[in-house]
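Thanks for coming. I'll take you through one structure this morning, starting with the overall build and ending with the salt bridges. Here it is.

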Amino acid sequence: MSGVIEARELRKRFTARGNVVEAVRGVNFVVAPGEIFGFLGPNGAGKTTTLRMLTTLLAIDEGEARVAGLDVTAEPAKVRERIGYVSQLGGADNLATGRENLMLQGRLYGRERSHVAARVDQLLGLLDLASFADRTVKTYSGGQRRRLDVALGIVHEPEVLFLDEPTTGLDPQNRANLWTHVRGLRDRGVTVFLTTHYLEEADALCDRVMIIDDGTIVAEGSPRELKRDIVGDAVVLRLGDEDGASERVAEVLASAPFVHSTTQAEDGELHCYVDDGPAALPELLRRFDAAQIVLRGISLSEPTLDDVFLAKTGRSLRDSGAGVAV
Amino acid sequence: MKLVRDTGLLAWRRAQQLLRNPVWLFVSLTVPLLYLALFTPLLKDIPAAPGLGGNVLDEFLPGILALLAFTSGANAGFSTLFELQAGVIERLRVTPASRLALLLGPLVTGMVSMFVFDLLLVAVGVAFGFDVHVPGLLVLAVLLALFYLTMAALSTAIALLTKEITGFAAVVNGVNLPLMLLAGVLLPISLGPSWMGVLAHFNPLYYLVSASRALALDVFSGGALWQAFAVLTPLCALSLAWATRVYRRAVA
């Protein structure tokens, strides 16, 4: 292993009202230097718990984690020097100005005042904060506040930046804006580890994605690789209500050699994976027509990370209580 | 030294917050002022009570100072709760700042504001005939600081453990009244039956109140003073150690 972040068999259990909940169940991964690594999964999958273990906030029950070459359990203080962390809540002081927040944060890393002041000026420019840097944070918009949160996370020029759900609650425009800033950090050599439950975010922003469900990793790779593994396109079928419809549809699909596999989402939609969607669609329609099956809907989609999630877990991420960006 | 530096930075941060939102400063000052204004006059007509000799304020004002240390310490957890829920605590915990400094920073500011209020209360007292004994009051300041730190550390730790306002308020309010009544803040415990006196000896506030009465009169002999130091010093150290330990693990 030679990553900036390395996790081996990470485990975490919580006890709630006498029940033991295994939040993270033996997670392994390696994050390479200078990549944007996305941790994708529904709420409650174990993303934040994993992140908190990697950032020294939560004790590791079992397994081992190394960040920036340091063992997280053995040398938490040294790990803190070298990582930045932006929680879901952000945690900037409402009553202080953006600049004051950044100054204090930099000073807490042991830097001298003049050094921090120069760095803060640089950050205010880098993250487009300069025009409101001397207003109190409570007057900031959601997007402004989020950019300040990110600035707080990198004031000490960390090697690794952890972002927990960085764009939750932001509108599409501010989300795209923040993505641009995160890519800019990557281009400056910062390794970014982020969690998200937005498929589009993982797809558009991340160099590599790891999908976690119920404390276990179900897939890992670049978004392109993950989708390629699904093979081809997805034909999405919505069936009628009449008796036996699903059995008859299954017969038709089984007789069609170009359909590689089929999964059923919780909302009843059937996802059929084929090599060549535009060719398969009319052929499928002909076969359904011949079998006198009436469909309520049929559509063609290029595979998304949701198809990957569905193929690996049998559930759609969209159905898993996760909000989806539009 | 890192601890001193980090504590200073975080104390200054809290001071800025207080100065920008001074409303609650006045709130915490109203309680002791109300006691002075609305309770002291009641005592004037019971001079026969044992332990209430001489000027009523000489007996009562030291108790009010102890009470202020108690309430401002016990309330320290409210801002901890707020900052926990706003993610501030988590943000600070990921920095390499000393864990003890994370705890002490806000407490130092709270202690300074308590001393400002103490001075105000003494000034008001003087206007109504309180007799100032400087050496005694200086020693009392040390005891008040010890007690404030103890209560504030415990309150912070309980806030971090309960994580939300209802649980925290239940604990604090549940403990507040019995400790206050069993400390002889308002009237000396010696007025009550002996079982109250026995119970009071399990209450750290009782030692502070007893010592404060003696010190306000510049009485350094007698058991009250050394007993107070003997109880409050280790208690303060234990509370700070425990709260720092809780701080290491706190997650919103």
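Before the first number, a definition: two residues are in contact when heavy atoms of theirs lie within 4.5 Å. Please also keep in mind that this is a predicted model.

With that, chain A. Take the contacts in chain A with a separation of 6 or more: 69% of them are between residues 24 or more positions apart. The chain has 326 residues, and 53% of them count as buried. Its secondary structure comes to 11 helices and 14 strands. Along the principal axes, the C-alpha atoms fill a box of roughly 80 × 45 × 40 Å. The domain assignment splits chain A into domain 1, residues 5-222, and domain 2, residues 233-302. Between the C-alpha centres of those two domains there are 42 Å.

Next, the nonpolar cores. In general, nonpolar side chains of soluble globular proteins tend to be buried together. Here the largest nonpolar core has 78 residues, and the members that touch the most others are B:Leu61, B:Leu107, B:Leu143, B:Phe147, B:Leu205 and B:Leu208. The top contributor to this core is helix α8 of chain B, residues 134-162, with 15 residues. To look at one member, B:Leu107 has contacts beyond four places in sequence with B:Ala76, B:Tyr148, B:Leu149, B:Ala152, B:Ala153, B:Thr156 and B:Leu240. There is also a second, separate core of 45 residues, and among its members are A:Tyr109, A:Leu194, A:Ile211 and A:Leu317.

Now the interface. On the chain B side 27 residues are in contact with 30 residues of chain A. Together the two chains bury about 2,400 Å², and 55% of that is on carbon and sulfur atoms. Thirteen would be the number to write down for polar contacts: 13 residue pairs between chain B and chain A, both residues at pLDDT 80 or more. Four salt bridges cross the interface. One salt bridge to look at joins the side chains of B:Arg20 and A:Glu100, at 2.8 Å from N to O. On the side of chain B that touches chain A, the elements giving two or more residues are α1 (2-20), α5 (76-85) and α6 (88-93) of chain B. Of these, α1(B) provides the largest share, eight residues.

Two loop residues deserve a stop. Is B:Asn203 buried or exposed? It is buried, because its relative accessible area is 1% and the cut-off for buried is under 20%. B:Asn203 sits in the loop between α10 (194-200) and α11 (204-216) of chain B. Its side chain reaches the backbone oxygen of B:Leu179 at 2.6 Å. Beyond four places in sequence, B:Asn203 is in contact with B:Leu179, B:Leu182 and B:Ala183.

The other one is A:Tyr140, in the loop between α4 (113-126) and α5 (142-153) of chain A. At 8% relative accessibility, A:Tyr140 is buried too. In sequence A:Tyr140 is 42 residues from A:Gly98, but their C-alpha atoms are 9.2 Å apart in space. A polar atom of the A:Tyr140 side chain lies 3.3 Å from the backbone nitrogen of A:Gly98. The same side chain reaches the backbone oxygen of A:Arg135 at 3.5 Å.

Last, the salt bridges. Side chains of opposite charge can pair when their charged atoms come close. Over all chains the count is 28. Which parts of chain A does the pair of A:Asp203 and A:Lys227 tie together? A:Asp203 is in helix α7 (199-205) and A:Lys227 in helix α8 (223-230), so the pair ties together parts that are 24 residues apart in sequence. Their closest N and O atoms are 3.1 Å apart. A:Asp203 is partly exposed at 29%, whereas A:Lys227 counts as buried at 18%.

Compare a pair inside one helix: A:Glu283 and A:Arg287 meet at 2.9 Å, N to O. Both lie in helix α10 (277-290) of chain A, four residues apart, about one turn.

In chain B, B:Glu83 and B:Arg13 form a salt bridge with closest N and O atoms 2.6 Å apart. That pair links α5 and α1 of chain B across 70 residues of sequence. B:Glu83 is buried at 7%, and B:Arg13 is buried at 5%. Finally, A:Glu9, A:Arg11, A:Arg13, A:Glu22 and A:Glu62 are joined into one network by salt bridges that share partners.

That's the tour. Questions, please.

Notes
Residues numbered from 1 in each chain as written. Chains lettered and ligands numbered in written order. Heavy atoms only, no water. Core = buried A, V, L, I, M, F, W, Y, C linked by side-chain atoms within 4.5 Å. Buried < 20%, exposed > 50% of the residue type's maximum accessible area, 1.4 Å probe, protein only. Domains from an automatic or database assignment. Buried area = accessible area lost by both parts, 1.4 Å probe. Polar contact = N/O pair within 3.5 Å; in protein donor to acceptor, adjacent residues only side chain to side chain.
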